Amino acid sequence: MIVVLNGYPGVGKLTVGRALIERIGGRLLDVHSVYNVAFALTEFKSPEFRVTVEKVEAIGHDLIRALPEDMPVVLTHVLTDDTSDWGQTEWDRLQELGRLRPPFCVVHLSCKLEENIKRIEDPGRNAMRKLRDEATARRNQDQARPLTSRGADHLLKLDTTGLTAADAADRIAEWLSVVSKRPEDDTNPDPKL
């Protein structure tokens, strides 16, 4: 099973991902684990940045392919339907992993603006080189670009406002236990199931 936690910065992807892995087992590959090598050693958005991200991502995906087939893998990302060519290429690679390790499950995480600002400004985000800019949260909420889920076997939309990471992980784990028994091409935006 491949589970992509897709959401804008500050909605809780990594925190929820860590809690989810405690519930379902498996492995977690956070987008910042991939991007931080490029952030540390290249200029952001330079050709070297993109090449570095692609190489590190390829290593991660090769390691995922080598894991036992029954081991769930949770990945975090932020990719929208109107993403760039580069973003589309990244999404295509995630879809390929989903085809190789079905079911391919996508969870759209969101939260209300006030909560998003509170989370994005948390000083703990510095350690992972994460954005800590209130303007980013406002821009993402104002633009409201839809997150992508193209090619997903299953989709869950979950607003994490007022939820602890444990609560969100419980809801996702419950949903995953149900969808792993359902036929493909089923989507359920209702986290209450």
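**Exercise 1. Describe the fold of the chain in outline.**

Start at the N terminus: the elements run β-α-β-α-α-β-α-β-α-α-β-α. This is a predicted model, in which local features need pLDDT of at least 70, side-chain atom pairs count only at pLDDT 80 or more, and totals for chains, interfaces and linings use all residues. Residues are numbered from 1 along each chain as its sequence is written, and side-chain values use heavy atoms, leaving out hydrogens and water.

Next, count the elements. The chain has seven helices and five strands. Helices (H or I, at least four residues) and strands (E, at least two) are DSSP runs, numbered from the N terminus.

Then turn to burial. Of the 193 residues in the chain, 48% are buried. Buried means under 20% relative accessible area, exposed over 50%, and partly exposed in between (1.4 Å probe, protein chains only).

Finish with contacts, meaning heavy atoms within 4.5 Å. Take the contacts between residues at least 6 apart in sequence: 75% of them join residues at least 24 apart.

**Exercise 2. Find the residues and elements that build the largest nonpolar core.**

Define the core first. A nonpolar core is a set of buried Ala, Val, Leu, Ile, Met, Phe, Trp, Tyr and Cys residues joined through side-chain atoms within 4.5 Å.

Pick out the best-connected members. The largest core has 23 residues, and Val3, Leu5, Leu20, Val107, Leu109, Ile172 and Leu176 touch the most other members.

Assign elements. At least two residues of this core come from each of β1 (2–6), α1 (13–24), β4 (104–110), β5 (154–159) and α7 (165–179). Helix α7 gives the most, with seven residues.

Check one member. Beyond its neighbours within four places in sequence, Leu20 is in contact with Val3, Gly25, Val74, Ala169, Ile172, Ala173 and Leu176.

Look for a second core. Another one, of 15 residues, lies apart from the largest and includes Ile2, Leu67, Leu75 and Leu155.

**Exercise 3. Compare the settings of Ser177 and Ile64.**

Take Ser177, in helix α7. Is Ser177 buried, partly exposed or exposed? Its relative accessible area is 35%, so Ser177 is partly exposed. From Ser177 to Ile24 is 9.1 Å, C-alpha to C-alpha, across 153 residues of sequence.

Now take Ile64, in helix α3. Ile64 counts as buried because its relative accessibility is 5%. Which residues does Ile64 touch, not counting those up to four places away in sequence? They are Ile2, Leu29, Val73, Leu75, Leu97 and Arg101. Ile64 and Arg101 are 37 residues apart in sequence, with 9.2 Å between their C-alpha atoms.

**Exercise 4. Locate the largest cavity and name its walls.**

Begin with the method. On a 1 Å grid over the protein atoms alone, a cavity is a set of points where a 1.4 Å probe fits but cannot get out; lining residues have an atom within 4 Å of a point. Grid points are joined across faces, edges and corners, and a volume is the space filled by probe spheres set on the points.

Count and size. The structure holds one cavity of 30 Å³ or more. The largest cavity has a volume of about 60 Å³.

List the lining: Leu29, Asp30, Val31, Val34, Glu57, His61, Leu75, Thr76, His77 and Leu94.

Map the lining to elements. Helices α2 (31–41) and α3 (47–66) and strand β3 (73–77) each supply at least two residues. Strand β3 gives the most, with three.

Close with α2. Its buried residues are Val31, His32, Val34, Tyr35, Asn36 and Ala38. They pack against β2 (27–29), α3, β3 and α4 (85–100).

Note on methods. 1 Å grid on protein atoms, 1.4 Å probe; cavity = no way out; pocket = protein on both sides within 12 Å on 5 of 7 lines; lining within 4 Å.
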